[in-house]
Amino acid sequence: MSRNRVTRRQFLTYTITGVGGFMAAGMLMPMVRFAIDPILQSKEDGDFVQTSKKIAEITEVPVKVDFSYEQTDGWYKSEVADAAWVYKEGDEIIAISPVCKHLGCTVNWEGNPEHANQFFCACHAGRYEKTGVNVKGTPPLGPLDMYEVSENDGFLMLGKKIANTHSK
Ligand code: FES
């Protein structure tokens, strides 16, 4: 008889340990997967959002284009309303964020009759050129962000926010 023979007690210990470990892994895996699920989700930052603005209707005068998109924050999904000031510069379409770079109020095109051809923030009289570049001597210290733009079936699509390309 071999001296390495497994005893009944050892066999039961190995079997119970193995089955117990297998069952524990089966219970823990879904919990771990659930906990890190948001990390595993692919980012959708590069996606473009369809707007109801026809490309043919865009002129050299900025107009406000409202749009919305679904945002996922962890397990919470919500509909986010946003807007952009959109105009044409030659053949290029420019989309400017309306969020003031001073303290985050909303800027309006020609919001102050004394400053034609500029964006105006009523909160602290911040001003920006049509390109979104901040006017020196007013509260904002940086230019308005821009949006990536694209076209789908004649309609304007807006992508993620990018740094203003008109600033030096
Ligand atoms: S928030 Fe726009 S100027 Fe202050």
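In strand β9, the residue that stands opposite K54 is F155. This pair belongs to the contact between strand β1, residues 49–54, and β9, which run antiparallel and are joined by three bridges. The description that follows refers to a predicted model, and it moves from this pairing to the overall form of the chain, its sheets, its nonpolar core and a few residues in loops.

**The far end of the chain**

Strand β9 is also joined to β8, again in antiparallel fashion, and here there are six bridges. Within this pairing S150 stands opposite M157 of β9. The hairpin that β8 and β9 form has two residues between the strands, and in this hairpin D153 takes a positive phi near 60°.

**Overall form**

The secondary structure of the protein chain amounts to one helix and nine strands, and, read from the N terminus, the helix comes before the strands in the order α-β-β-β-β-β-β-β-β-β. The chain is divided into domain 1, residues 1–40, and domain 2, residues 49–162, and the centres of these two domains, taken over C-alpha atoms, are separated by 57 Å. The C-alpha trace spans about 105 × 40 × 30 Å along its principal axes. The radius of gyration of the chain is 29 Å, whereas a compact globule of 168 residues would have one near 15 Å. Of the 168 residues, 18% are buried. Among contacts with a separation of 6 or more, 43% are between residues that lie 24 or more positions apart.

Two annotations from UniProt, each from an unreviewed entry, can be set beside this picture. The record lists residues 12–32 as "transmembrane region", and it gives "domain: Rieske" for residues 62–158. The computed content of the two spans is set out below.

| Residues | Helix | Strand | Distance between end C-alpha atoms |
|---|---|---|---|
| 12–32 | 100% | 0% | 29 Å |
| 62–158 | 0% | 51% | 15 Å |

**The three-stranded sheet**

An open sheet of three strands is arranged in the order β5-β6-β7, and its pairing is antiparallel. Its edge strands are β5, residues 108–109, and β7, residues 126–128, each of which pairs on one side only. Strand β6, residues 119–121, is joined to β7 by three bridges, and the two run antiparallel. One of the residues involved is F120, whose bridge partner in β7 is R127.

**The nonpolar core**

Which residues have the most contacts inside the largest nonpolar core? They are A84, A95, I96, V107 and L158, in a core of 18 residues. At least two residues of this core are supplied by each of β3 (76–89), β4 (92–96), β6, β8 (146–152) and β9 (155–162). V107 can be followed further: leaving aside neighbours within four places in sequence, V107 is in contact with P98, C100, F119, F120, C121, Y128 and L144. F120 is therefore met twice in this account, once as the bridge partner of R127 and once among the contacts of V107. **Residues in the loops**

Three loop residues deserve a separate look. N117 lies in the loop between β5 and β6, and its phi is near 65°, a positive value in a residue other than glycine. D153, in the loop between β8 and β9, likewise has a positive phi, near 60°, and is a residue other than glycine. These values can be read against a general tendency: most residues other than glycine have a negative phi.

Are N117 and D153 buried or exposed? N117 is exposed, because 10 other C-beta atoms lie within 10 Å and a residue counts as exposed at 12 or fewer. D153 counts as exposed because there are 8 C-beta neighbours inside 10 Å.

K136 is found in the loop between β7 and β8. With 8 other C-beta atoms within 10 Å, K136 is exposed. The C-alpha atoms of K136 and I94 are separated by 22 Å, and the two residues are 42 residues apart along the chain.

How values were computed
Residues numbered from 1 in each chain as written. Predicted model: local features only at pLDDT ≥ 70, side-chain atom pairs only at ≥ 80, totals over all residues. UniProt positions renumbered as here; feature names shortened; annotations may be inferred. Helix = DSSP H or I, 4+ residues; strand = E, 2+ residues; numbered from the N terminus. Domains from an automatic or database assignment. Pairing = 2+ DSSP bridges. Core = buried A, V, L, I, M, F, W, Y, C linked by C-beta atoms within 7 Å. Buried ≥ 20, exposed ≤ 12 C-beta atoms within 10 Å, placed from the backbone. Contact = placed C-beta atoms within 7 Å. Rg over C-alpha atoms; globule rule 2.2 N^0.38 Å.
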